[in-house]
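Student: I've got a new structure open and I'd like to learn how to read it. Can we go through it together?

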Amino acid sequence: MKNKPPKVPNIARDIAHSIATGQVSLVGAGPGDPDLLTLKAVKTIAAATVILVDDLVNEAVLQHANANARIVYVGKRGGCASTPQAFIEKLMISEAQKGENVVRLKGGDPLVFGRSGEEIEALQKAGIRVHIVNGITAALGALASLNTALTHRDHAHGVLMVTGHAKPGDPGTDWRALAHASRQAKLTLVVYMGVAAAQRIQYELLHGLPANTPVAIVQDATLPSQQHALCTLDCLHQTLTEQRMASPCVLLIGDVLRGLDHLGRKHELQSALG
Ligand code: SAH
């Protein structure tokens, strides 16, 4: 029997491959205000040859892009027709394999409810180099605009970031368990994508949290169109409906919001600029 020749690494081929292969950066565009971009995000956007833009990204951020960069809009809003995730991943991989310097621009921080986990896995599997550039997540932008901290030595020892929108077929968050945990451990609850399920979230959370738990609802955080409403947990859904608040909103729930001036009233809508 003939011996198989040993596998010798083809160094020339590997070097050629790594030169030809581009890279993908998952970049956080922040919550809306383009001044909240990090310097690293600005530099990474400027160096990109292909930019895939999510729909919560402020267009103004693209002023940093090179005039020759190819811009592709790949919006993905819950419930709306959107570019399938598998297509986006394929596109990133094929562009990087052509040697392009790809930037995937995402709202807020790419690591918070941004499907980055799935994308990192797919890119690494395809042998593509991945870089992450952090951004300011929506909840932090929202809290800054309310002059409120996320934690407080007296009221909030920690934070739970939760999505109100589970994958189809997934039962989603156990809100009752969360309510008990957040009460016992003094945690602030931060709910992303919670508008559509607000009624159920309120109902379930009231099984473990007091009716008068303070809530802030912030829509379009950090943008000139920002609005917020302050209420108590038992009025969450009513407030959203009466004030016609819509996605994108973050719901901030917990005693850390007790310091806000207007909590005495049932609910109140204010313009960020007013
Ligand atoms: N990666 C993003 C979150 C993406 S999930 C981040 O770190 O912020 C999309 C959800 O984020 C929206 O449904 C909403 O809950 C929240 N969101 C994003 N931008 C927002 C904004 N400007 N104001 C309020 N909520 C926002």
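Tutor: Sure, let's begin with a pair of side chains: E119 and K106 make a polar contact of 3.1 Å. A polar contact is a pair of N or O atoms within 3.5 Å; within protein, one must be able to donate a hydrogen and the other to accept it, and residues adjacent in sequence count only if both atoms are side-chain atoms. Before we go on, this is a predicted model, where local features need pLDDT of at least 70, side-chain atom pairs count only at pLDDT 80 or more, and totals for chains, interfaces and linings use all residues. Residues are numbered from 1 along each chain as its sequence is written, and side-chain values use heavy atoms, leaving out hydrogens and water.

Student: Is E119 buried or exposed?

Tutor: Buried means under 20% relative accessible area, exposed over 50%, and partly exposed in between (1.4 Å probe, protein chains only). E119 counts as buried because its relative accessibility is 0%. You'll find E119 in helix 4 (residues 116-125); helices here are DSSP runs (H or I, at least four residues) and strands are too (E, at least two), numbered from the N terminus.

Student: What does E119 touch?

Tutor: Contact means heavy atoms within 4.5 Å. Not counting residues up to four places away in sequence, E119 touches L26, Q85, E89, M92, R104, K106 and G114.

Student: And N212, where is that found?

Tutor: N212 sits in the loop between helix 7 and strand 8 (214-219). With 46% relative accessibility, N212 counts as partly exposed. Leaving aside neighbours within four places in sequence, N212 is in contact with T232 and R258.

Student: Which residues of helix 7 are buried?

Tutor: In helix 7 (residues 198-205), the buried ones are A198, I201, Q202, E204 and L205. An α-helix has 3.6 residues a turn, so residues three or four places apart point the same way. The cover over the buried residues of helix 7 includes helix 6 (175-184), strand 7 (187-192), helix 8 (236-242) and strand 10 (249-253).

Student: How many residues surround the ligand?

Tutor: Count a residue as near if one of its heavy atoms lies within 4 Å of the molecule. That gives 18 residues around the ligand, with V112, T137, M193, A221 and C249 the closest. For backbone partners, a polar backbone atom of M193 is 2.8 Å from an oxygen atom of the ligand, and a backbone N or O atom of P31 lies 2.8 Å from a ligand nitrogen atom.
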